[in-house]
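Q: I should like to learn how to read the features of a protein model. May we go through one step by step?

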Amino acid sequence: MSLTLTMRSAPEVPLEAEVLSPERFEGMSAAQAAEAAVLYGNRRAQLGDFFSIEGKGDGELRLVGDCTRVKRIGAAMTRGRIVIEGDVGMHLGAGMSGGTITVQGDAADSVGHEMLGGQIVVKGNAGHLVGSTIRGGRVGIRGGEIIVHGNVGNETGTGMRRGLIAVGGNAGDFTGANMLAGTIVVLGQLGWRSGAGMKRGSIVSTQPAELLPTFRYACTYRPVMLRLVLAHLREQGLPVTDAHVLGRYRRWSGDAVEDSRGEILLLEQSERAAA
Amino acid sequence: MLLNGVAVEDTFAEAFAMWGARVMITAENDKWAMAAARAMTGFATSVIGCKCEAGIERIVPAGQTPDGRPGVSVLLFATSAESVGKRLVERVGQCVMTCPTTACYNALPAETTATTVVVGGLLRYFGDGFQAAKLLDGRRFWRVPAMDGEFLVEERFGVQPAIGGGNLLILGEDSAPTLAATEAAVEAMRAVPGVILPFPDGVVRCGSKVGSRYKTVIASTNDAYCPTLRAVSSATRLGEDVNCVLEIVIDGLDLSSVEEAMRRGMKAAARPGVRQISAGNYGGNLGQYKIGLHGLMNGT
């Protein structure tokens, strides 16, 4: 039986709750879990002050209710599963290295920033800086997967070194900026200045995009690797069509300010029409 | 024992412990997937002369391959895991990477994989610095730029303990019925998953014995089963009504697959014109496995 936390009184200021990680509650009763320390604004508090808790810690946490002011859920988690039946606050799964987090609603900024492994699935929209580095840092996510079914904000995958970020909707500006490697797939529209400063890695979109002048057209082809990636995303529930999988992609190499070893792949216009 | 009127000798096939890998080759269409598979499994009949034994396991429909394109599954066997790795690098590099539109994946299930060998991780250097890696679902792939786009190859391939040298000898009264019986056996055996028949279309006519009167030759003609030597070889095992012998060699990823292939092969080969079904062995002194023919047919 999983440990279920139901929001009883929504916090008025952010609740720093990195304690909400499945491994920290393994074997704990609901009463023990209620005593776990959290930071409420600048005051110490307990989980039980905000949540009604039932069940027993067995590697799965279920959070029910509006958690938009609950931050750092699943931060640094290494295993287990978190299911959030509602919206969630900033820094979800930050630095996590294993396990899975599923959000049934929307997520705020900085989903999975600097994560190392595991999987985060957001069924709704997500804010800015998905899978990115924290401000001032150089390396974003270094492994794992972030799948957002809806739209994401700006600076998705900034400084990304490895892993997969997939967006079912549109992405904001500066997607994949300063990317070092890894893959970002956006089924919708890419924002401005995507791939700015990228060194390596792949940014993929099924829609036309206005690219920086430091990206040069290379060729139009069917990358086999993309078939594997898209098939995987289809299995994860994203609306990948046969036209996306079978279509030809225009390859743009860049960013020229960083030796042009990265790529942006855009689905060819006619293929997109067929989709 | 008689099988459909054909005598089955009370003997055993002596098989050897080997190491095997399963490779999935895909391409834009059936033709090029098969072209790569044929090239990769060429000159791979016997470890004695070819360093490995390889063959086509089956054609894989597009819906069952990693990239959704038509595929061919190839099995490759060698005497050590390290040797499997070297042969894979050579053959994937020379025969698959060079073939238009292909990609190449490890197809051995994780649960049977004993170890892994680096293949794509070495072939990537052909990319001369333009290659790119992709990690997906825990598997690392290399994209090597080629003149038709990219060659995609998995970094590591699984290797597992395997069986080599299972065999059947079909002894017939004449060439034509013996060949027909052997062909029927091959067709039946190829339907068994996890096995290959590495010789030309599954059949070998020059079975060998260990050693030779010439000290530099490690294997020589199996005079015990050569009809032309019946009168002069003291080792002959042939009756006067046998004028042609053909052999089917079977390599498999596990013993039960090899046994099942032999069982099906014996049933299919037992037909008019065949005098006896037998198997080759070395007195049980060399191989790790003894597959008794009577035991196979009795289900023991």
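A: Certainly. This model is predicted. We begin with secondary structure: chain A contains 4 helices and 17 strands.

Q: How does the radius of gyration of chain A relate to that of a compact globule?
A: The general idea is to compare the value with that of a globule of equal length. A compact globule of 275 residues would have a radius of gyration near 19 Å, and chain A agrees because its own value is 19 Å. Along the principal axes, the C-alpha trace of chain A spans about 60 × 35 × 25 Å.

Q: What share of the residues of chain A count as buried?
A: Burial is judged by counting neighbours: a residue is buried if 20 or more other C-beta atoms lie within 10 Å of its own. In chain A, 52% of the 275 residues count as buried.

Q: How many residues does each chain bring to the contact between chain A and chain B?
A: The size of an interface is often given as the accessible area lost when the parts come together. Here we count residues instead: chain A and chain B each supply 14. On the side of chain A, strand 12 (162–167) and helix 2 (224–235) are the elements that give two or more residues. Helix 2 of chain A gives the most, with 7 residues. By class, this side of chain A has 9 nonpolar, 2 polar and 3 charged residues.

Q: At what angle do helix 5 and helix 6 of chain B cross?
A: A helix pair is described by its axes. Those of helix 5 (residues 175–189) and helix 6 (residues 255–269) of chain B come within 8 Å and cross at roughly 145°. The crossing is right-handed.

Conventions. Residues numbered from 1 in each chain as written. Chains lettered and ligands numbered in written order. Predicted model: local features only at pLDDT ≥ 70, side-chain atom pairs only at ≥ 80, totals over all residues. Axes fitted to C-alpha atoms, helices over the stretch in contact; angles between N-to-C directions. Left-handed = near helix turned anticlockwise from the far one by under 90°. Contact = placed C-beta atoms within 7 Å. Nonpolar A, V, L, I, M, F, W, Y, C, P; charged D, E, K, R; others polar. Rg over C-alpha atoms; globule rule 2.2 N^0.38 Å. Buried ≥ 20, exposed ≤ 12 C-beta atoms within 10 Å, placed from the backbone.
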